[in-house]
Amino acid sequence: MKLGGRMLGVLLCGLGRAGGTRTFSSWPPHSPLTGLLSAAELVGHWTAVFEERGIPEARQSSEYIIAHVLGAKTFQNLRPALRSQPLSPPQLGRIQELSSQRLQRMPVQYILGEWDFRDLTLKMAPPVFIPRPETEELVTWVLEEEARRPHAGNAEGSPLILEVGCGSGAIALSLLSQLPQSRAVAMDKGEAAVCLAQENAQSYEDPAALDGGKEGMDVIVHILALAPLLLKDSGSLFLEVDPRHPGLVGSWLQSRPGLGLHLVAVRRDFCGRPRFLHIRRSGPQRGCTVDTSPRLQLAPVPG
């Protein structure tokens, strides 16, 4: 299918190699709370429990859960009086229930059932890939580039955006909210992956969202091979990649000049890692035969 828009945003998260499985000990259910009645006391209690069980971000997890039960986005948003007043038995029971899910290593985003991405609140459920904070930076970059385009903001020059591997649809939805004249197509694979639970190891997110093959380049290579077929001249391709990949992508494109694709810029994330790529199509050719097999020889990342 050919898309006629001036910009193609392939805004793809999680292209790195899949991580290894982890094994967790089997812990007995935590006993019901007694005598801990305020939100502040509960934060301290569950923080200690999570730390004892090795739960990452113990305090943040307890604060998010308790704030959610009390009807707030964050614990800091709670009124001071609400933090110290006694909680009702139903509230205590709900906090106990959600905290028990966190003890099973369920991500907080799934426990709460929602998560904020820029100015949007998205529904969250396994195995949909959880939007990362870094991805908000990618959206910001796309909006900055779009603002620089001639005729930006006019209906005639509005972009057509394609998001590949959309997961929750966070990127496309966020761009549409900021570019109301644009159009977007968000696509993912046909069937959601089944959550894994083998030998006491658990993976709540779709493992395929993090699996890009041996070098992490499998999905990237297929996207780059298709881009000349989909992009108009000067159309743009944005990628969020593993920090190893900018050098690999640059070498791959240089070895295939017939594609007419050029790496315009690499941007670092807020941790200083090379994370985002801007690739632009220029040249008369529309589509070339490219070997995308796993046998591709990839140049090492420049030191």
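Axes here are lines fitted to C-alpha atoms, for helices over the stretch in contact, and angles run from 0 to 180 degrees between N-to-C directions. Helices (H or I, at least four residues) and strands (E, at least two) are DSSP runs, numbered from the N terminus. What you are looking at is a predicted model, where local features need pLDDT of at least 70, side-chain atom pairs count only at pLDDT 80 or more, and totals for chains, interfaces and linings use all residues. Residues are numbered from 1 along each chain as its sequence is written, and side-chain values use heavy atoms, with hydrogens and water left out.

Let's start with a helix pair. Helix 6 (residues 133-148) packs with helix 7 (residues 170-178) at an angle of about 40°, their axes 10 Å apart. The crossing of helix 6 past helix 7 is right-handed (the near helix is turned clockwise from the far one by less than a right angle; anticlockwise would be left-handed). On the helix 6 side, T135, L138, V139, V142 and L143 make the contact, while helix 7 brings I171, S174, L175 and Q178; contact means heavy atoms within 4.5 Å. Sorted by class, that makes 6 nonpolar, 3 polar and no charged residues. For that sorting, Ala, Val, Leu, Ile, Met, Phe, Trp, Tyr, Cys and Pro count as nonpolar, Asp, Glu, Lys and Arg as charged, and the others, Gly among them, as polar.

Now step back along the chain to helix 2 (residues 58-69). Its 12 residues should span 16 Å at 1.5 Å a residue, and the end C-alpha atoms are 17 Å apart, which agrees; the expected span is 1.5 Å times one less than the number of residues. The buried residues of helix 2 are A58, S61, S62, E63, I65, I66, A67 and V69. Buried means under 20% relative accessible area, exposed over 50%, and partly exposed in between (1.4 Å probe, protein chains only). Those buried residues pack against helix 1 (39-52), helix 4 (89-103) and helix 5 (108-112). Just after helix 2, G71 takes a positive phi of about 90°.

P86 sits in the loop between helix 3 (80-84) and helix 4. With 59% relative accessibility, P86 counts as exposed. Its C-alpha lies 9.8 Å from that of E41, although the two are 45 residues apart in sequence.

That leaves the sheet. Strands of a sheet pair through backbone hydrogen bonds, either parallel or antiparallel. This one is an open sheet of 3 strands in the order 7-9-8, paired antiparallel; two strands pair if DSSP finds at least two bridges between them. Strand 7 and strand 8 stand at the edges with a single partner strand each, so one side of each has no neighbour in the sheet. From one strand to the next, the twist averages 20°. Helix 8 (residues 218-230) packs on the sheet, touching strand 7, strand 8 and strand 9, and its direction makes about 175° with that of strand 7.

Strand 9 (residues 274-281) is mostly covered, with 6 of its 8 residues buried. Strand 7 (residues 236-240) pairs with strand 9 over 5 bridges, and S236 stands opposite R280. Strand 8 (residues 261-268) is joined to strand 9 by 7 bridges. H262 also stands opposite R280, A265 faces H278, and R267 has F276 as its bridge partner. Strand 8 and strand 9 form a hairpin with 5 residues between them, and G272 in the turn has a positive phi of about 85°.
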